[in-house]
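Biologist: I have a new structure open and would like some help reading it. Could we go through it together?

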Amino acid sequence: EREEGNANSASKQPQEPKKRRRRSSLLKAKDTPKCEPPLPPAPLIPPTKQPSAKKKRSSTGSVDSTTASSSKADLLPSGKPRPKPQKHVYHDYSAIPDSEHFVRKKTGGVTMPFPEKLMHMLDKESLLNPDVISWQSHGRAFTVRKPKDFTSRVMGGYFRQSKLTSFQRQLNLYGFRRITQGTDAGAYYHELFLRGRPQLCMRMQRQKVKGTGHKQ
């Protein structure tokens with residue numbers, strides 16, 4: 001029996017290093033860092049707003065010449081801030097055919113609205129007094145070339161207004177815009193006001209005056 005026990009103990013002895021090897025392998029597996037998935041890319045950072053250019057004063061209290069010149073360029077001769085240019089997209093309605101059965105909305109007893117009177121005047125005066133008021137060569141705008149002669153000789157025969165400011169107010173109420181740059185500088189235009197297309201200008205609508213709730 002002792003020999004059998006010794007034999008069993010002898011057979012168990014070589015198994016001990018195997019358990020140690022397994023434990024050591026497990027410890028090594030725990031110690032080794034796991035391969036983590038890569039991090040997602042960083043989000044895009046929006047550009048920071050640049051600080052507005054302010055007048056820099058020196059130690060003596062005087063304003064730098066560079067900042068002073070830039071601030072003067074942003075002012076009108078009257079001293080008021082210069083308005084920022086507005087983007088405008090021009091829609092070309094010249095290819096739209098005239099509708100034969102188009103009915104104009106009622107205008108409160110007015111026989112001929114302002115845009116139709118204006119087109120009638122331009123068709124006549126462009127031939128009679130082209131040096132005073134006339135269409136531009138492309139037919140998309142018109143120019144008042146001599147304002148004084150226009151108010152004294154031409155405007156009274158077509159409109160009730162007697163002042164140029166009243167005429168310009170009517171243009172603004174109907175959505176006309178004044179061109180300030182280029183070869184047509186000083187001319188007025190509207191997308192629906194084209195030479196030879198009287199039915200297009202019938203679609204022009206007068207803006208409502210704020211505070212009244214009705215058109216004037």
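Modeller: Happily; we will take the overall make-up, then the sheet, then the core. Keep in mind that this is a predicted model.

Biologist: Which helices and strands should I look for, and in what order do the elements run?

Modeller: The protein chain has seven helices and four strands. From the N terminus, the order is α-α-α-α-β-β-α-α-β-β-α. Of its 216 residues, 23% are buried.

Biologist: Now the sheet. How do I read the pairing of its strands?

Modeller: In general, strands of a sheet pair through backbone hydrogen bonds, either parallel or antiparallel. Here the four strands form an open sheet with antiparallel pairing, in the order β1-β2-β4-β3. At the edges lie β1 (133–135) and β3 (177–178), each pairing on one side only.

Biologist: How many bridges join β1 and β2?

Modeller: Three bridges link β1 to β2 (residues 141–144). Trp 135 stands opposite Phe 142, which belongs to β2.

Biologist: And which residues should I pick out in the largest nonpolar core?

Modeller: The general idea is that in soluble globular proteins, nonpolar side chains tend to be buried together. In this model, the largest nonpolar core has 25 residues, and those touching the most other members are Leu 118, Phe 142, Phe 150, Phe 167, Phe 176 and Phe 193. The largest share, five residues, comes from α4.

Biologist: Phe 142 has come up twice. What is it in contact with, beyond its neighbours within four places in sequence?

Modeller: Its contacts include Leu 118, Leu 122, Ile 133, Trp 135, Phe 167, Phe 176 and Phe 193.

Note on methods. Residues are numbered from 1 along each chain as its sequence is written. This is a predicted model: local features need pLDDT of at least 70, side-chain atom pairs count only at pLDDT 80 or more; totals for chains, interfaces and linings use all residues. Side-chain values use heavy atoms; hydrogens and water are left out. Helices (H or I, at least four residues) and strands (E, at least two) are DSSP runs, numbered from the N terminus. Buried means under 20% relative accessible area, exposed over 50%, partly exposed in between (1.4 Å probe, protein chains only). Two strands pair if DSSP finds at least two bridges between them. A nonpolar core is a set of buried Ala, Val, Leu, Ile, Met, Phe, Trp, Tyr and Cys residues joined through side-chain atoms within 4.5 Å. Contact means heavy atoms within 4.5 Å.
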